[in-house]
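Welcome to this guided tour! Open your viewer, get your selection tool ready, and follow along one stop at a time.

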Amino acid sequence: MKTVVIGESSGATMEQVMAVYPRHKAVVDHFVARGEVIGIGPFVDRGNMAIFRTRAAAEEFVRKDPFALEGLVKSYVVRDWNDKMLT
């Protein structure tokens, strides 16, 4: 089982996002280095999604992400996902 985090944009400007991005990237890099992140990135129409190996890692990320802490993501949904590999 994996855990998906979907973030809803607060409507912040790109200037606001880029001001916080270096701190957000440092947190992302930490989780990637630990092997916790399977995929992460923004949606084309704003908001974002990340797939984590465990729910604990996903919840820890949400608690530490500067985008959420500084109001650039107004809300997150954390959902467990039964990914089924197609063969």
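Let's begin with V77. With a relative accessible area of 44%, V77 counts as partly exposed, because that value falls between the 20% and 50% limits. Keep in mind as you look around that this is a predicted model. V77 sits in strand β4.

**Stop 1: the patch around V77**

Keep V77 selected and add I6, F43 and M49. Together these four residues make a nonpolar patch on the surface, and their accessible area adds up to about 300 Å².

**Stop 2: the strands**

Now colour strand β4, residues 73–81, and strand β1, residues 2–9. The two run antiparallel and are joined by eight bridges. To see one pairing, select G7 and look across to β4, where Y76 stands opposite.

Next, add strand β3, residues 48–52. Which way does β3 run relative to β1? The two are antiparallel, with five bridges joining them. For an example, select T3: its bridge partner in β3 is F52.

**Stop 3: N48**

Stay in strand β3 and pick N48. Is N48 buried or exposed? N48 counts as buried, because its relative accessibility is 17% and the limit for buried is under 20%. Show its surroundings: leaving aside residues up to four places away in sequence, N48 touches V5, I6, G7, G41, P42, F43, V73 and Y76.

**Stop 4: Y76 and the core**

Move on to Y76, one of the residues that N48 touches. Again not counting residues up to four places away in sequence, the contacts of Y76 include V5, F61, V62, F67 and A68.

Now select V5, F31, F52, F61, F67, L72 and Y76 together. Within the largest nonpolar core, which has 18 residues, these are the ones that touch the most other members. Helix α1 (14–33), strand β3, helix α2 (55–64) and strand β4 each provide at least two residues of this core. Which element gives the largest share? That is α1, with five residues.

**Stop 5: salt bridges**

Switch on the side chains of the charged residues. How many salt bridges does the structure hold? There are nine. Here are three of them to visit, followed by a network.

- Select K74 and E8. Their side chains meet in a salt bridge at 3.3 Å, N to O. K74 is in strand β4 and E8 in strand β1, so far along the chain from each other that 66 residues separate them. K74 counts as exposed at 55% relative accessibility, while E8 is partly exposed at 40%.
- Select E70 and R23. This salt bridge spans 2.7 Å, N to O. E70 lies in the loop between α3 (66–69) and β4, and R23 is in helix α1, so the pair ties together parts that are 47 residues apart in sequence. Both ends are partly exposed: E70 at 41% and R23 at 40%.
- Select R55 and D80. Their side chains meet at 3.1 Å, N to O. R55 is in helix α2 and D80 in strand β4, so this pair ties together parts 25 residues apart in sequence. R55 is partly exposed at 33% relative accessibility, and D80 is partly exposed at 43%.

For the last selection, choose R34, E36, E60 and K64. These residues are linked in a network of salt bridges.

How values were computed:
Residues are numbered from 1 along each chain as its sequence is written. This is a predicted model: local features need pLDDT of at least 70, side-chain atom pairs count only at pLDDT 80 or more; totals for chains, interfaces and linings use all residues. Side-chain values use heavy atoms; hydrogens and water are left out. Two strands pair if DSSP finds at least two bridges between them. Helices (H or I, at least four residues) and strands (E, at least two) are DSSP runs, numbered from the N terminus. A nonpolar core is a set of buried Ala, Val, Leu, Ile, Met, Phe, Trp, Tyr and Cys residues joined through side-chain atoms within 4.5 Å. Buried means under 20% relative accessible area, exposed over 50%, partly exposed in between (1.4 Å probe, protein chains only). Contact means heavy atoms within 4.5 Å. Patches are made of residues with over 30% relative accessible area and no salt bridge: like charges are joined within 9 Å, nonpolar side chains (Val, Leu, Ile, Met, Phe, Trp, Tyr) within 5 Å. Accessible areas come from the Shrake-Rupley method with a 1.4 Å probe; for residues, only the protein chains shown count as cover.
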